[in-house]
Structure formats: structure tokens, C-alpha cells
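Reader: Hello! I am in my first year and still learning to read structures like this one. Could you pick one part, look at it closely with me, and then show me what lies around it?

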Amino acid sequence: MIKLGVIGLGRRISGLIKSLTQLDPEFHVTGVVDPDESGARERLPEADRTTARFYPSLPALIRRGRPDALLIGTRCNLHARYAAAAATAGLPLFLEKPIATSLRQVRVLEHAWRDARAEVVVSFPLRVSHLCVEAKRRLDAGAVGRVEHLLGVNYVPYGKVYFEGWYRDYRITQGLFLQKATHDFDYLALLAGAPIVRVAAMMARGRVHRDSSLEPAGGDPEAAYYPHIGTPETGMNEDSSSALLEFANGAKGVYTQVFYTRNSAATRGATISGLKGTLRFDWYGNDLRVVPHAEDTQPEIYRPAAGLEHFGGDAVLLANFRDVVRGKASSVSPLRAGLQSVHACLAAKRSAETGRFVDVPQITDL
Ligand SMILES: NC(=O)c1ccc[n+]([C@@H]2O[C@H](COP(=O)([O-])OP(=O)(O)OC[C@H]3O[C@@H](n4cnc5c(N)ncnc54)[C@H](O)[C@@H]3O)[C@@H](O)[C@H]2O)c1
């Protein structure tokens, strides 16, 4: 039996754990840290529901539960604290994103993991989705020549979750660059072949999604009202936000995310170009197209299987985590990628707040 210790056994991680235990029935959740014991127990796979033990803290889970691997699935603002505390355990770690929500948390994480030997799998399913892997393979094979420009778009059709559920609490999310763009900045850097080094960003807040508790009855018909979502002054999630990106190898990019989109207006993907061609993919459309720029050439089209969780990425991440725990593989989504992405998100947030270009700190010693 491979014993899993879980910190924050909520909706997201419980879904992943069910898939992981189906993938490899040797894996069992034996220890949990979660203040909501009854809710967390309900969310456990049936085989572990009565046997898993709950502990008051991570050190207690590690000392008394002796797990073989850890998973952190709390809400965003607690990821870094628990991940830093897990560093000395020397156990493989599956870590939800965003892996930190402030520069201070990033520094604490970097410091804690500087000399740690364990593998971390950061929960970035898009970077290992079929379309992104295929895009990377074709770009590396020279499909567009040297990558010069990347355009990332994310028109989110389920954007109201960021104003209805717990995601509306800005103190937890610190905004939607960290919450959402952390995935996109990560896969764009992967496809660019270099980290993001400079960002200029803008955001729109409080124009569409508005706090109903502050609004007189019969307010603006162009607005969508939600309680307790804050204001631009107190901090709130964005209606939309965009960033200009510069990569370390000189490539340039643009990323835009929009949260009031609905229905088939949904689109998420990238257009990547160089002198020799243009590669474009869309996860919602589930296709990838390479258009060579040379005359008399035909576009190539690739379509992976449809209907998979996070476009096939969750299954790949979980199979990789299983292999990491079994000592057969290293992480396909390492801590360094998670940290670099948070740095880019924090830079975008700061740029949008100040109206200035912001340099992105680089991870050098992990
Ligand atoms: N990678 C992805 O694609 C993806 C998708 C969805 C959500 N997420 C991320 O997953 C995280 C969790 O989201 P969710 O919807 O499952 O939230 P959730 O509220 O369902 O789960 C959070 C869990 O943490 C527990 N918790 C609260 N305080 C705690 C503490 N001090 N110590 C330990 N546990 C504590 C809660 O009781 C709950 O069980 C978020 O950070 C979100 O950004 C990632």
C-alpha cells in the first residue's frame, strides 16, 4: 500500500484523488489535515472513508501517519505555507495552484525548498494536455521557425464562479492573474522556450461584476450583481485583464482573459508565430493547426480525443505523480515552473495596479 497524506481535502483534490486511486489501487489516503473532518471524510474514496485518520497539523500527520507522499489542496492562500512546511519531509508532493499568492510567500517557499530533494508536481494540467504537448513537439521541430510572438487568449465561459463561490474572496485569490493566468503564463513560457522576464498589464474591475450590497435598487442594467465581491478600492477580481509579455529569449507575447463570456463564445488557446509559420490551437475547439508561410503549402490539422478533464491534462499529471511516487519518473510540472509562474502573475498584478512595466524575478537556485 502507498500511503497518501492530504492537506485540505476539498472539491478539486478529492476529484483528483478518486482518479489517482482508480489509476493505481495501491494508493490509499491514510492521513488528512482538514478542519472540516465530516465534509472531507465524505469526499474520500469509499475504500478510505472510515479508515483515514485526521491530524491537527502537518507535522502530526508526517510524524504519526508516516505517509509516502503528500497532496496539498487547500484554497490558494494556504498553499505556500503548507508547502514550505512540507519541504523537510523529503516526500513527493502534489501541490495545487497558484502555489503562492504574495511575494513574501514565494520567498518563503524558495527558501524552504532550496536544499530539498523531493519532487513536486504542481497542478498545471494545461502544460501536459494533448494539444499543448503537440504544440511543443511541433515548435521544437521548427514548425514556425524561431518563435517570435505568442498570443494567448482565455475567454472563460464559467467566469461567474469567480464572483459567486469562495473565489469571490479577494483575500484568498489576490485576483485572477494568480487564480487563472498562472496556468496560461506557465504554458506560454513553456512554448516560448524561455521564462517571462517583463510584463505590462491592465485590468478592468467593477464595471461588469459589481457588489450588490453597495448598489441602490434598480442599478445599471449592463452590470451583473453579486454580494460581497469587494470594490476596486478594497480589492476585487477582474472583469477582464491583459498583459504584454517579454520572454528571456526575446520573444514577445500578449495574454488576455475575460470573465463575462458565456456559451460558445468560450475560447482558450494560443497563436504562436515565427518567420516560417503560424501555429494555432484552441482547447475548446479541440484542434491545432499549423500554417506554413511558404507558398504552395497546405495547413496541417491535428485533433486529439475530446471530452477529457482539463483537456486530458489531469490524467497525465496524475500518472506522472504516481510514477514520481513510485520512483520511476521526475516531475513534468516542477516547483520551479510554479514559482516562475507566480512571479509573472505578481508582476502582472503590480503592473496593472501601478501602470508601469514590471521586471519578473527569475528563479536561479532551485
Ligand atoms: N489546477 C486546477 O486546474 C484547479 C482547478 C480547480 C481548483 N484549483 C485550486 O484548488 C484549490 C482548492 O479549490 P477547491 O474548489 O477544492 O476548494 P475547497 O474549498 O473545496 O477545498 C479546500 C479545502 O481546504 C480545507 N481547509 C480549510 N482551511 C484549512 C486549513 N487551515 N488546513 C487544511 N485544510 C483546510 C477546507 O475544509 C476544504 O476541504 C484552490 O486553490 C484552487 O485554485 C485548481
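Author: Happy to! Let us begin with a definition: two strands pair if DSSP finds at least two bridges between them. Please keep in mind, too, that this is a predicted model.

With that rule in hand, find strand E7, which covers residues 149–155. Seven bridges join E7 to strand E12 (residues 252–258), and these two strands run parallel. One bridge to pick out is that of Gly 152, whose partner in E12 is Tyr 255. Now turn to E7's pairing with strand E13 (residues 267–273): seven bridges again, but in the antiparallel sense. Here His 149 has Ser 273 of E13 as its bridge partner.

What do the faces of E7 look like? Leu 150, Gly 152 and Asn 154 form a covered face, while His 149, Leu 151, Val 153 and Tyr 155 form an uncovered one. As you trace the strand, then, Gly 152 belongs to the covered face and has its bridge to Tyr 255.

Let us step back to the sheet around it. E7 is one of nine strands in an open sheet with mixed pairing, and the order is E16-E15-E14-E13-E7-E12-E11-E8-E17. The edges are E16 (300–302) and E17 (358–359), each of which pairs on one side only. Further along that order, strand E8 (residues 196–204) and strand E11 (residues 240–247) are antiparallel partners over eight bridges. Arg 198, for example, has Glu 246 in E11 as its bridge partner. A helix joins the picture here: H11 (residues 335–354) lies across E8 and E17 and runs at about 45 degrees to E8.

Two loops beside these strands deserve a pause. Most residues other than glycine have a negative phi, and most peptide bonds are trans. Asn 286, in the loop between E14 (277–282) and E15 (287–292), has a positive phi of about 55 degrees although it is not a glycine. Asp 296, in the loop between E15 and E16, is another non-glycine with a positive phi, of about 60 degrees. Are these two buried or exposed? Buried means under 20% relative accessible area; Asn 286 has 16%, so it is buried. Exposed means over 50%, and Asp 296 stands at 81%, so it counts as exposed.

Next, compare another group of strands, around E4 (residues 69–72). Ala 69 and Leu 71 point one way from E4 and Leu 70 and Ile 72 the other way, and all are buried. Strand E1 (residues 2–7) runs parallel to E4 and is joined to it by four bridges, with Gly 5 standing opposite Leu 70. E4 also pairs with strand E5 (residues 93–95), in the parallel sense, over three bridges. In that pairing, Leu 70 has Leu 93 as its bridge partner.

Leu 95 is in E5 as well, and it counts as buried because its relative accessibility is 0%. Among the residues that Leu 95 touches are Ile 72, Val 121, Ser 123 and Leu 335. Just past E5 comes the loop to helix H5 (103–113), where you will find Pro 98. A cis peptide bond joins Lys 97 and Pro 98, with omega about -15 degrees.

Ser 123 makes a good next stop. Its place is the loop between strand E6 (120–122) and helix H6 (130–140). With 0% relative accessibility, Ser 123 counts as buried. Its side chain has a polar contact of 3.1 Å with the side chain of Arg 12. Ser 123 also touches, among others, Phe 94, Lys 97, His 183 and Leu 317.

Finally, follow the chain into H6. This helix packs against helix H9 (residues 176–192) at an angle of about 25 degrees, with the axes 9 Å apart. That angle makes H6 roughly parallel to H9. From H6 come Cys 132, Ala 135, Lys 136 and Leu 139, and they meet Tyr 187, Leu 190 and Leu 191 of H9. Sorted by type, the residues of this contact are six nonpolar, no polar and one charged.

Conventions:
Residues numbered from 1 in each chain as written. Predicted model: local features only at pLDDT ≥ 70, side-chain atom pairs only at ≥ 80, totals over all residues. Heavy atoms only, no water. Buried < 20%, exposed > 50% of the residue type's maximum accessible area, 1.4 Å probe, protein only. Polar contact = N/O pair within 3.5 Å; in protein donor to acceptor, adjacent residues only side chain to side chain. Contact = heavy atoms within 4.5 Å. Axes fitted to C-alpha atoms, helices over the stretch in contact; angles between N-to-C directions. Parallel < 35°, antiparallel > 145°, perpendicular 65-115°, else oblique. Nonpolar A, V, L, I, M, F, W, Y, C, P; charged D, E, K, R; others polar. Lists of a residue's contacts leave out its neighbours within four places in sequence.
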